[in-house]
Amino acid sequence: MNYRQITDLVGTDENLFTYQCQAVTKQTLNLPGPDYIDRILLASARSNQTLRSLETIYNSGRLSGTGYLSILPVDQGIEHSAGASFSANRMYFDPENIVRLAIEGGCNAVATTVGNLAIIGRKYAHKIPMIAKINHNELLSCPNKHDQIMYASVKNAWNTGAVGIGATIYFGSKEFSRQLIAVSNAFEQAHELGMATILWCYLRNENFVEDEVDYHTSADLTGQANYLGVSLQADLIKQKLPENNGGYEALNRYGKTFGKYTKEMYSQLCTAHPIDLCRYQVLNCYSGRIGLINSGGPSNGKDDFKDALRTAVINKRAAGTGVIAGRKAFQRPFPEGVELLNAIQDVYLEKQIDIA
């Protein structure tokens with residue numbers, strides 16, 4: 001898609017294509033680019049092998065050499081149940097088709113379960129960078145619970161041929177502390193083996209809903225989750241696109257005490273504009289030293305292309321690193337899934353869409 005097609009589809013109502021950030025300017029950030037690893041990560045404690053793994057990811061697919069990423073994540077067979085996830089397109093019960101979609105869709109990498117990679121890794125490990133998701137929430141406990149359990153060791157993930165591991169932490173949940181320790185240890189082991197690390201930084205707590213407003217995707221709370229994730233030495237942060245702000249303020253109403261915040265967080269570091277909300281997430285990734293990839297979200301049918309491109313435009317203009325979109329791609333016919341992934345990538349290839 002070219003610039004005109006992208007703007008026509010996304011629309012101009014939100015001023016996404018011309019808005020310029022004033023609260024946190026791009027000059028104060030570490031921006032994505034072809035030299036990102038040499039410019040930023042070379043000074044870090046990451047080993048040569050880990051840097052090589054990251055280079056492999058950044059230099060694959062249609063976005064190779066741009067400093068931006070398009071990743072296909074498919075772990076929903078466990079996270080959301082296989083029947084519910086793949087009934088719209090039964091071919092993805094076979095994990096080989098997941099990898100085929102990532103390859104034909106021009107992705108930098110495919111992120112999926114260790115079980116999936118173990119069954120097809122020998123055929124594809126040299127054709128596309130693979131990321132092994134090592135922990136999952138399951139939906140067979142009754143009543144359902146929300147907890148991330150380790151499904152595989154880091155060494156097992158490494159044996160599949162994966163260049164990196166992915167893990168989720170439910171920040172704010174009852175199991176948060178245990179998950180944080182487990183993932184921190186896993187990331188340390190992965191870096192020792194020369195693997196890259198991606199952290200799904202998701203909030204999960206029923207108290208994050210106040211006065212019927214859901215703050216699980218507020219910029220301030222997700223931003224702090226990002227900061228903690230980067231502190232665990234994640235090489236990439238996966239986060240949902242922010243939809244509002246003021247989570248700390250809301251959760252401290254009615255005599256409650258939660259976290260720490262200042263009024264300046266909202267008046268000097270952010271505005272209500274979608275790009276500024278996402279930029280606050282980037283700011284909390286050590287001012288962009290670690291890349292922010294926003295999730296594509298669930299499939300909504302006819303609006304998927306518009307929603308996916310909107311997310312990509314906001315992420316790119318906020319100085320993010322890319323989009324990790326799964327359900328919008330695999331819950332539709334294969335050719336359309338390829339088309340959607342290519343459309344997301346076109347946003348990052350389009351030079352007229354620049355950092356705000």
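This report describes the overall fold, the strand β7 and several individual residues of a predicted model.

## Overall dimensions

The chain holds 16 helices and 12 strands. Its C-alpha trace spans about 55 × 50 × 45 Å along the principal axes. A compact globule of 356 residues would have a radius of gyration near 21 Å, and the 19 Å of the chain agrees with that.

Of the 356 residues, 56% count as buried. Contacts between residues at least 6 apart in sequence include 74% that join residues at least 24 apart.

## The barrel

Eight strands close into a barrel, with parallel pairing, in the order β1-β2-β3-β6-β7-β10-β11-β12. From one strand to the next, the twist averages 25°. Helix α14, residues 304-317, packs on the sheet and touches β11 (291-295) and β12 (322-324). The direction of α14 makes about 165° with that of β11.

## Strand β7 and its neighbours

Strand β7 covers residues 196-203, and eight of its eight residues are buried, so the strand is largely enclosed by the rest of the structure. Its side chains fall into two sets: Ala-196, Ile-198, Trp-200 and Tyr-202 point one way, while Thr-197, Leu-199, Cys-201 and Leu-203 point the other way. Both sets are buried.

On one pairing, β7 meets strand β6 (residues 164-171) in the parallel sense over eight bridges. Tyr-170 has Tyr-202 of β7 as its bridge partner. The connection between these strands involves helix α9 (residues 176-192), and β6, α9 and β7 make a right-handed β-α-β unit. Another pairing joins β7 to strand β10 (residues 236-239), again in the parallel sense, over three bridges. There, Ile-198 stands opposite Leu-236 of β10.

## Helix α10

Helix α10 runs over residues 219-231 and has 13 residues. The distance from its first C-alpha to its last is 18 Å, close to the 18 Å expected at 1.5 Å a residue. Buried residues in α10 are Ala-219, Asp-220, Leu-221, Thr-222, Gly-223, Ala-225, Asn-226, Gly-229 and Val-230. Just after the helix, Gln-233 takes a positive phi of about 70°.

## Two buried residues and their contacts

Leu-340 lies in helix α16, residues 334-349. Its relative accessibility is 0%, so Leu-340 counts as buried. Leaving aside neighbours within four places in sequence, Leu-340 is in contact with Asp-304, Phe-305, Ala-308, Lys-328, Ala-329 and Arg-332. Gly-105 is 235 residues from Leu-340 in sequence, yet the two C-alpha atoms are 8.2 Å apart in space.

Thr-160 is a loop residue, placed between α8 (154-159) and β6. With 10% relative accessibility, Thr-160 also counts as buried, because the cut-off for buried is under 20%. Not counting residues up to four places away in sequence, Thr-160 touches Val-114, Leu-117, Ala-118, Gly-121, Ala-125 and Met-130.

## Backbone exceptions

Most residues other than glycine have a negative phi, and most peptide bonds are trans. The peptide bond from Cys-142 to Pro-143 is cis, with omega near 5°. Pro-143 lies in the loop between β4 (135-136) and β5 (149-150).

Tyr-254 and Ala-319 are loop residues with positive phi. Tyr-254 has a phi of about 60° although it is not a glycine, and its loop runs between α11 (247-251) and α12 (264-267). For Ala-319, phi is near 85°, and the loop is the one between α14 and β12. Their surroundings differ in accessibility: Tyr-254 is exposed, with a relative accessible area of 58%, whereas Ala-319, at 4% relative accessibility, counts as buried.

Key. Residues are numbered from 1 along each chain as its sequence is written. This is a predicted model: local features need pLDDT of at least 70, side-chain atom pairs count only at pLDDT 80 or more; totals for chains, interfaces and linings use all residues. Side-chain values use heavy atoms; hydrogens and water are left out. Buried means under 20% relative accessible area, exposed over 50%, partly exposed in between (1.4 Å probe, protein chains only). Helices (H or I, at least four residues) and strands (E, at least two) are DSSP runs, numbered from the N terminus. Two strands pair if DSSP finds at least two bridges between them. A crossover is right-handed if, with the strands pointing away from the viewer, the path from the first strand over the helix to the second runs clockwise. The expected span of a helix is 1.5 Å times one less than its number of residues. Axes are lines fitted to C-alpha atoms, for helices over the stretch in contact, and angles run from 0 to 180 degrees between N-to-C directions. Contact means heavy atoms within 4.5 Å. The radius of gyration is taken over C-alpha atoms; the globule rule is 2.2 Å times the number of residues to the power 0.38.
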